[in-house]
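Please take a moment to look over the sequence and the model before reading on. The explanation is meant to be followed with the structure in view.

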Amino acid sequence: DLTRQVAEAKVMIETAEKERDFYFTKLREIEVFIQQSEFVAGSELEGMAKHIQAILYSTEDGAVDEADGEQPGLQGEPYAEQAVGHMEQLHVDEEETF
């Protein structure tokens, strides 16, 4: 019974890691796109881009970490360890596909 539970836990962990990497990659691509795009100062698109960046860089307490905004584009990079704290709250829906 314990062996079965361990096997189930491993599958759940692997699924959570795949899901985490999938969504992290999407967010990273959005971040790189916004960083590399040039917006007209004061335009609606610039305001929207700044708002999206604020969402991407905000922490659980609502603060924005400005240092993250200066990272160069790293498309395809493996999952960054800096987001591990958020993974503790991950809910894995076994029926969800991605």
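The paragraphs below go from the chain as a whole to its charged side chains, its aromatic rings and one buried acidic residue.

What you are looking at is a predicted model, and a good place to begin is its secondary structure, which comes to three helices and zero strands. If you read along the sequence, the pattern that the chain follows is α-α-α. Of the 98 residues in the chain, 15% are buried, and the accessible surface comes to about 7,700 Å², with 55% of that area belonging to carbon and sulfur atoms. When we consider the contacts in the chain with a separation of 6 or more, we find that 66% of them are accounted for by residues 24 or more positions apart.

With that overview in mind, we can turn to the charged side chains. The structure holds four salt bridges, and one of them is found between the side chains of Asp1 and Arg4, where the N to O distance is 2.6 Å. Arg4 also forms a salt bridge with Glu8, and here the closest N and O atoms are 2.8 Å apart. Both Arg4 and Glu8 lie in helix α1, which covers residues 2–36, and they are four residues apart, or about one turn of the helix. How open are these side chains to the surroundings? Asp1 has a relative accessible area of 62%, and because exposed means over 50%, it counts as exposed. Arg4, at 43% relative accessibility, counts as partly exposed, and Glu8 is likewise described as partly exposed, with a relative accessible area of 42%.

Another salt bridge links Asp21 with Arg20, and in this pair the closest N and O atoms are 3.1 Å apart. Asp21 counts as partly exposed at 30% relative accessibility, while Arg20 is partly exposed with a relative accessible area of 21%. Returning to the earlier residues, we can add that salt bridges that share partners join Asp1, Arg4 and Glu8 into one network.

The aromatic rings come next. The structure holds one aromatic pair. In this pair, the rings of Phe22 and Tyr23 have their centres 4.9 Å apart and their planes at 85°, so the arrangement is edge-to-face. The cut-off behind this reasoning is that planes over 60 degrees apart count as edge-to-face. Phe22 counts as partly exposed at 30% relative accessibility, and Tyr23 also counts as partly exposed, at 34%.

Finally, consider Glu46, which lies in helix α2, the helix made of residues 44–57. Which side chain of opposite charge is nearest to the buried residue Glu46? It is Lys50, at a distance of 4.1 Å, and Glu46 has no salt bridge. The reason can be followed from the cut-off, because a salt bridge needs a side-chain nitrogen of Lys or Arg within 4 Å of a carboxyl oxygen of Asp or Glu. What the side chain of Glu46 does reach is the backbone nitrogen of Gly42, at 2.5 Å. If residues up to four places away in sequence are not counted, Glu46 touches Phe39, Val40 and Ala41.

Key
Residues are numbered from 1 along each chain as its sequence is written. This is a predicted model: local features need pLDDT of at least 70, side-chain atom pairs count only at pLDDT 80 or more; totals for chains, interfaces and linings use all residues. Side-chain values use heavy atoms; hydrogens and water are left out. Helices (H or I, at least four residues) and strands (E, at least two) are DSSP runs, numbered from the N terminus. Buried means under 20% relative accessible area, exposed over 50%, partly exposed in between (1.4 Å probe, protein chains only). Lys and Arg count as positive and Asp and Glu as negative; His and the chain ends are not counted. A polar contact is a pair of N or O atoms within 3.5 Å; within protein, one must be able to donate a hydrogen and the other to accept it, and residues adjacent in sequence count only if both atoms are side-chain atoms. Contact means heavy atoms within 4.5 Å. Rings of Phe, Tyr and Trp (its six-membered ring) pair if their centres lie within 6.5 Å; planes under 30 degrees apart count as stacked, over 60 as edge-to-face and the rest as tilted. Accessible areas come from the Shrake-Rupley method with a 1.4 Å probe; for residues, only the protein chains shown count as cover.
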